Amino acid sequence: MLKTLAVPALLLILTACEPGGQATAPAASVRELPIAAAEVKPRDLSRRLTLSAEVRARQTVRLTARTRGMVEQILVEEGDAVQAGQLLLELEQSEQRAELARATALLKQAELAYQRQAELYQRNLSSAAEYQAQAAALRVAESEQQLWLTRVAFGRVYAPRAAVVSHRAVELGEAVREQELMFELAGMDELVVNFGVSERDVAQLAVGQALSLQLDAMPAVEWAGRIRRIFPAADLVSRFVTVEVALPTDAYNKGVKPGFLARVNLVIDARQQALAVPVSAVLLDDNQHYVLLVQDNLLVRQRVEVGVERGQWQEIIAGLVAGDIVMANASIDMQPGQAVRIVGWRG
């Protein structure tokens, strides 16, 4: 039994020895540093801006009283749709109508007197001064009648445009004074949202640009908006520039109301297909940017030109192509030629 075990042991000793009887040391293996890597590929590095503001009617008309009087008739309620020229309200105008009747009678009297005076003047039976005085009296009577026609007209309130009555400020029988608010009309065919955009971002927007909006009241619907105008100056305090976004003209008929909260996602500086690597993969040496490429498990220094930085990603303008593999957490202590082993991936 002992002889059987001795033979393999002897063969092992002979195998590990050189012909001169000296033992051979095992060859030293190359040490591979474990690293995390990232693949260079196109990414969306566009800068996005999320804003919110209330929906409002672009045109709101405030109708105020142009004369004093008591409200005699109200023909519309809040929420009613009205057409241009539609009668909304009438004030009690008995005194004004009486004055108009008096002015009309005086005008008729002045017209008759003028006709008589004109006949006499044509027959040389009156002087030019008398004729001119009667002509002036006629013009005064005409002006007086026009004055009371206007005051009577002030007692009726008409809609200046097609709109919806958004507010009614008076009640039947109430006495109103000049310039007192009676109605507010909103043009629901032009609903807009006014967003405040920083002066740094507004340069990336343009009138006519399309964008999509969402309303908190109707979260399942996406609304197509359009930048209608960009205000010419920034607010002196906030430094924000107002950007007016128009909703579709049928938005009100589909349920959108002024006061709804709207949210918009704006794409500022679009870069949907930008080659990118992790920010931590880019190093700087002597004002030159470089990365450490992984090729055949060895690090290779590669100079690159960088673009914008978005969060954890750095845009690469030149120096790399899609599919390249770089060390994700590069360090200036790492030397080209270092053997590495990828144990993890970024992105």
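The largest nonpolar core of this protein has 30 residues, and those with the most contacts inside it are V55, L191, F195, L213, L247, V256 and L266. Keep in mind as you look around that this is a predicted model. Let's start with that core, then visit the sheets, a pocket and a few individual residues.

**The nonpolar cores**

- Several elements give two or more residues to the largest core, namely β3, β12 (191–198), β13, β14 (218–234), β15 (240–246) and β16.
- Strand β3 gives the most to this core, with five residues.
- F195 is a good residue to click on: leaving aside its neighbours within four places in sequence, F195 is in contact with L51, S52, A53, L213, V241, T242, V243, V245, A262 and V264.
- There is also a second, separate core of 18 residues, which includes L91, V157, V176 and F183.

**Strand β16 and its partners**

- In a regular strand the side chains alternate between the two faces of the sheet.
- Strand β16 (residues 261–268) shows such an alternation: A262, V264, L266 and I268 point to one face and are buried.
- On the other face of β16 you will find L261, R263, N265 and V267, which are not buried.
- β16 pairs in the antiparallel sense with strand β3 (residues 47–57), over eight bridges.
- In that pairing, T50 stands opposite N265 of β16.
- β16 also pairs in the antiparallel sense with strand β13 (residues 210–215), over three bridges.
- Here L213 is the residue opposite V264 of β16.

**Two open sheets of four strands**

- Strands of a sheet pair through backbone hydrogen bonds, either parallel or antiparallel.
- One open sheet has its four strands in the order β4-β11-β9-β6, with antiparallel pairing.
- At the edges of this sheet stand β4 (60–64) and β6 (81–82), each with a single partner strand, so one side of each is left without a neighbour in the sheet.
- β6 is joined by two bridges to strand β9 (residues 163–168), and the two run antiparallel.
- Within this pair, A81 faces V164 in β9.
- Another open sheet of four strands follows the order β8-β7-β5-β10, and its pairing is antiparallel.
- Its edge strands are β8 (156–158) and β10; each has a single partner strand, so one side of each is left without a neighbour in the sheet.
- Strand β5 (residues 69–74) and β7 run antiparallel and are joined by three bridges.
- Q73 stands opposite E90 in β7.

**The largest pocket**

- The largest pocket has a volume of about 170 Å³.
- Its lining is made by A81, V82, Q83, R161, A162, A163, V164, M188, D189, T249, Y252 and N253.
- β6 and β9 are the elements that give two or more residues to this lining.
- Sorted by class, the lining has seven nonpolar, three polar and two charged residues.
- A81 and V164 are both in the lining, and you have already met them standing opposite each other.

**Two buried residues, one in a loop and one in a strand**

- Q93 is found in the loop between β7 (87–91) and α2 (94–122).
- Is Q93 buried or exposed? With a relative accessible area of 4%, Q93 is buried, because buried means under 20%.
- Q93 is in contact with T67, R68, R151, V152 and G155, leaving aside its neighbours within four places in sequence.
- E315 has its place in strand β21 (residues 313–318).
- At 9% relative accessibility, E315 counts as buried too.
- Not counting residues up to four places away in sequence, E315 touches L45, R271, A274, L275, A276, E305, V306, G307 and V308.

**Two loop residues with a positive phi**

- Q179 is found in the loop between β10 (175–176) and β11 (181–186).
- The phi of Q179 is near 70 degrees, a positive value in a residue other than glycine.
- Q179 is exposed, with a relative accessible area of 61%.
- R239 is found in the loop between β14 and β15.
- For R239, phi is near 65 degrees, again a positive value in a residue other than glycine.
- R239 counts as partly exposed, at 35% relative accessibility.

Terms used
Residues are numbered from 1 along each chain as its sequence is written. This is a predicted model: local features need pLDDT of at least 70, side-chain atom pairs count only at pLDDT 80 or more; totals for chains, interfaces and linings use all residues. Side-chain values use heavy atoms; hydrogens and water are left out. Two strands pair if DSSP finds at least two bridges between them. Buried means under 20% relative accessible area, exposed over 50%, partly exposed in between (1.4 Å probe, protein chains only). Contact means heavy atoms within 4.5 Å. A nonpolar core is a set of buried Ala, Val, Leu, Ile, Met, Phe, Trp, Tyr and Cys residues joined through side-chain atoms within 4.5 Å. On a 1 Å grid over the protein atoms alone, a cavity is a set of points where a 1.4 Å probe fits but cannot get out, and a pocket is an open set with protein on both sides within 12 Å along at least five of seven lines; lining residues have an atom within 4 Å of a point. Grid points are joined across faces, edges and corners, and a volume is the space filled by probe spheres set on the points. Ala, Val, Leu, Ile, Met, Phe, Trp, Tyr, Cys and Pro count as nonpolar, Asp, Glu, Lys and Arg as charged, and the others, Gly among them, as polar.
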